[in-house]
Amino acid sequence: MTDDKAARTAPVYTGPRWFFPSALIHELDPDAGRSGRRPRRTARDWAVDFSCFLLAVLIGLLGVGTLENSDLPRALSVADQVLGAFSCAAVWLRRRWPFALAGVMVPVSFVSETSGGVAVIAVFTLAVHRPFRYVAWVAGAQLALVPLYFWWRPDPDLPYAAAVVLLDVLTVAVVGWGMFVRSKRQLMLSLRDRARRAETEARLRAEQAQRLAREAIAREMHDVLAHRLTLLSVHAGALEFRPDAPRDEIARAAGVIRESAHEALQDLREIIGVLRAGDSEDAGRPQPTLAALDTLVAESRQAGMKVALDQRVTDAASVPASVGRTAYRIAQEGLTNARKHAPGTEVTVSVTGGPGEDLTVRVHNPPPEEDVPPVPGAGQGLIGLRERATLAGGSLEHGRTPGGGFEVRARLPWR
């Protein structure tokens with residue numbers, strides 16, 4: 001699966017939408033950008049927009065009081081208040097056209113006392129929703145007009161320099177606050193993208209491990225098939241060179257040839273099934289079988305491990321070769337994992353089953369007494385084991401036990 005396909009199939013945001021801004025949810029939804037639809041306001045957006053509207057109206061009313069105490073003509077005062085009313089109504093458009101609203105409010109707030117609150121809100125919205133280059137132009141123009149504004153309309157309560165510095169600091173603080181909010185949203189989006197890429201990479205690694213496991217199994221099956229064909233060739237050659245052999249030997253050699261041909265055909269089906277990634281049975285090299293489990297445990301004990309073997313298999317000699325090899329590989333990988341992740345603990349390996357029943361392989365180890373550093377590439381061997389068990393027609397499960405240990409349990413059919 002490619003990254004583009006993973007992005008298309010990634011789930012949309014399913015959390016509490018009312019608590020987050022609609023613009024952020026719009027970015028988290030991979031289908032929203034392709035649909036061309038504008039993001040709908042969430043409950044949080046309505047609350048924030050209504051609060052901004054009330055703040056703009058409150059600042060406008062304070063401006064009306066300042067106009068009544070000034071010597072401004074009545075007509076200009078009314079025009080100022082009309083511009084302030086329209087500006088307050090324009091607050092509801094700040095999410096749709098943040099740059100246009102902020103740009104228009106620069107000259108409007110210069111000539112209208114009651115529009116100052118809307119200008120501050122527009123600059124904040126622009127800093128949240130647009131890159132810094134847009135904010136720099138609008139905020140720079142507004143800062144440049146501040147000295148001219150107070151030269152044209154002096155503040156009756158503050159000196160000229162103090163008023164200019166106070167409004168400049170307020171503008172810079174609003175811009176910084178908006179950029180901080182924008183950076184938090186960008187951080188959340190980057191973490192989302194990073195998590196998505198990590199999931200895609202993990203999926204690709206798992207698929208690659210499964211593919212490599214299938215290829216390794218197919219190679220092992222090839223060795224088994226070559227062994228069968230060699231055995232068949234030897235007995236056929238014996239019949240060719242000993243045509244006068246006793247009847248019993250000829251019958252015995254023919255039976256061996258028939259059985260070898262049947263097993264070779266079955267192994268060939270398994271190879272084709274593995275290469276097609278179908279539900280075929282597992283197979284491996286002829287040497288490691290269930291009979292070699294005692295040797296494997298003995299080697300682990302010689303290496304310093306504490307291993308307890310519980311083997312209760314009815315008629316172990318009749319275990320199918322592919323099932324025995326899979327059981328051996330599962331026990332081998334379980335012991336390897338226990339040695340790497342839980343050194344010093346006593347590992348229990350149990351194999352139970354019989355003809356016509358499932359062969360159950362279980363490898364369990366308690367939690368380590370001390371902290372063990374993580375091992376790079378952990379988990380790939382378990383992926384290969386699950387693939388082996390699936391190809392053998394069985395299943396494999398692994399995970400933590402209630403006591404804090406780790407267990408690998410496999411069920412293999414024994415027909």
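**Cores and helix pairs in a predicted model**

Colleague: Happy to look through this with you. Which residues touch the most other members of the largest nonpolar core?

Modeller: This is a predicted model, and its largest nonpolar core has 31 residues. Those that touch the most other members are Leu 290, Ile 330, Leu 359 and Leu 412.

Colleague: Which element supplies the largest share of this core?

Modeller: Several elements each supply at least two residues, among them helix H11 (293-302), strand E1 (306-313), helix H12 (321-341), strand E3 (358-365) and strand E5 (406-413). The largest share is seven residues, and the element they come from is H12.

Colleague: Let's take one of those core residues. Which tryptophan does Leu 359 touch, not counting residues up to four places away in sequence?

Modeller: With those close neighbours in sequence left out, the partners of Leu 359 include Leu 290, Val 313, Val 323, Ala 327, Val 351 and Leu 412. Leu 290 and Leu 412 are also, like Leu 359, among the residues that touch the most other core members. The tryptophan that Leu 359 touches is Trp 414.

Colleague: And helix H13: is Leu 385 buried or exposed?

Modeller: Leu 385 sits in helix H13, and its C-alpha atom is separated by 6.3 Å from that of Ile 330, 55 residues apart along the chain. Leu 385 also touches Arg 329, Ile 330, Glu 333 and Leu 396, not counting residues up to four places away in sequence. Because its relative accessible area is 4%, under the 20% cut-off, Leu 385 is buried.

Colleague: Good, now the helix pairs. How do H11 and H12 run, roughly parallel or roughly antiparallel to each other?

Modeller: The axes of H11 and H12 come within 10 Å and cross at roughly 10°. Angles under 35 degrees count as roughly parallel, so H11 and H12 are roughly parallel to each other.

Colleague: Which residues of H11 make that contact with H12?

Modeller: On the H12 side, the contact is made by Tyr 328, Ala 331, Gln 332, Leu 335 and Arg 339. By class, the contact of H11 with H12 has five nonpolar, two polar and one charged residues. The H11 side consists of Leu 293, Leu 296 and Ser 300.

Colleague: Let's move to the second core. Which of its residues also meets H7 from H6?

Modeller: The second, separate core has 21 residues, including Ala 56, Met 105, Val 123 and Val 138. From H6, the residues that meet H7 include Phe 99, Leu 101, Ala 102 and Met 105. The name found in both is Met 105.

Colleague: How are H6 and H7 arranged, roughly parallel or roughly antiparallel?

Modeller: The axes of helix H6 (residues 98-111) and helix H7 (residues 116-129) come within 9 Å and cross at roughly 150°. The crossing is left-handed. Angles over 145 degrees count as roughly antiparallel, so H6 is, relative to H7, roughly antiparallel.

Colleague: Then H7 meets H8. How many charged residues are in that contact?

Modeller: The axes of H7 and helix H8 (residues 132-152) come within 9 Å and cross at roughly 160°, and H7 and H8 are therefore roughly antiparallel to each other. Ala 119, Val 123, Leu 126 and Ala 127 in H7 meet Tyr 134, Val 135, Val 138 and Gln 142 in H8. The contact divides into seven nonpolar residues and one polar residue, and the charged ones number no residues.

Colleague: Last one: what percentage of the protein's residues is buried?

Modeller: The protein has 13 helices and five strands. Of its 415 residues, the buried ones make up 36%.

Terms used: Residues numbered from 1 in each chain as written. Predicted model: local features only at pLDDT ≥ 70, side-chain atom pairs only at ≥ 80, totals over all residues. Heavy atoms only, no water. Axes fitted to C-alpha atoms, helices over the stretch in contact; angles between N-to-C directions. Helix = DSSP H or I, 4+ residues; strand = E, 2+ residues; numbered from the N terminus. Parallel < 35°, antiparallel > 145°, perpendicular 65-115°, else oblique. Left-handed = near helix turned anticlockwise from the far one by under 90°. Contact = heavy atoms within 4.5 Å. Core = buried A, V, L, I, M, F, W, Y, C linked by side-chain atoms within 4.5 Å. Buried < 20%, exposed > 50% of the residue type's maximum accessible area, 1.4 Å probe, protein only. Nonpolar A, V, L, I, M, F, W, Y, C, P; charged D, E, K, R; others polar.
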